[in-house]
Amino acid sequence: MARLREFDYDKVLDGGLQLFWRDGYEATSLDGLLEKTGLSKSSFYGAFGSKHDMLLVSLDRYVETVLQANIDDLKRGPARQAIIRSFEKILGFAPSSKVCFLHLCAAELAGHDQLVRTRVRRGLELLREAYRDAIVRGQAAGDFKSGADADALATFLVSNLYGLQVLARASVASDARSKTMAFILKALV
């Protein structure tokens, strides 16, 4: 007879996600995961299968929680303010802020790991669609150019968002990043 789990799966998964997000996949050891989650090896393997499987579930969790909260926020209020709020939330405009977990996984693993690549692409597509919907809403309200290609602009926003994250990680001054953000927003009007 199978034993019931004696731990909070969501809490353990969140702990693993935080560790992967902080250190990256390769630098996260199984011992580190066991310490962070409080699980024994047998419980860890029983619940997740492997370190890689836990990463995949962590990516899904990130998309369903952190990214989804940002997507939901993009639906609130005037489109321009929603987009600015989204960028500021994701970027943090501080050199020490975390890079988006999708960005981290894309840079570290997506080039050679199809399962990670599929999840990263799904998350990026959800974010791109949310930006597109905000752009369309802004166009309908007269805040953005009505004839502009909303799909292309949404892709432009996502690519610039991640470019600004690279600048933040390289400690490029926040005033330079803020000026760049203003220039990015000008593409919408």
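Welcome: helix α7 is a good place to begin, with buried residues (under 20% relative accessible area, 1.4 Å probe, protein chains only) Val116, Val120, Gly123, Leu127, Arg128, Ala130, Tyr131, Ala134, Ile135, Gly138 and Gln139. This is a predicted model, in which local features need pLDDT of at least 70, side-chain atom pairs count only at pLDDT 80 or more, and totals for chains, interfaces and linings use all residues. Residues are numbered from 1 along each chain as its sequence is written, and side-chain values use heavy atoms, leaving out hydrogens and water.

**Helix α7**
- Helices here are DSSP runs (H or I, at least four residues), numbered from the N terminus.
- The cover over the buried residues of α7 includes α4 (51–74), α5, α6 (101–110) and α8.
- The 27 residues of α7 (residues 114–140) should span 39 Å at 1.5 Å a residue, and the end C-alpha atoms are 38 Å apart, which agrees; the expected span is 1.5 Å times one less than the number of residues.
- At the start of α7, a side-chain oxygen of Asp113 comes to within 3.1 Å of the backbone nitrogen of Leu115.
- After α7 comes Gly142, with a positive phi near 85 degrees.

**Helices α5 and α8**
- α5 (residues 79–91) and α8 (residues 150–169) pack at about 35 degrees, their axes 10 Å apart; axes are lines fitted to C-alpha atoms over the stretch in contact, with angles from 0 to 180 degrees between N-to-C directions.
- Their contact (heavy atoms within 4.5 Å) is made by Ile83, Phe87, Ile90 and Leu91 of α5 and Leu157, Asn160, Leu161, Leu164 and Gln165 of α8.

Methods: Helices (H or I, at least four residues) and strands (E, at least two) are DSSP runs, numbered from the N terminus. Buried means under 20% relative accessible area, exposed over 50%, partly exposed in between (1.4 Å probe, protein chains only). A polar contact is a pair of N or O atoms within 3.5 Å; within protein, one must be able to donate a hydrogen and the other to accept it, and residues adjacent in sequence count only if both atoms are side-chain atoms.
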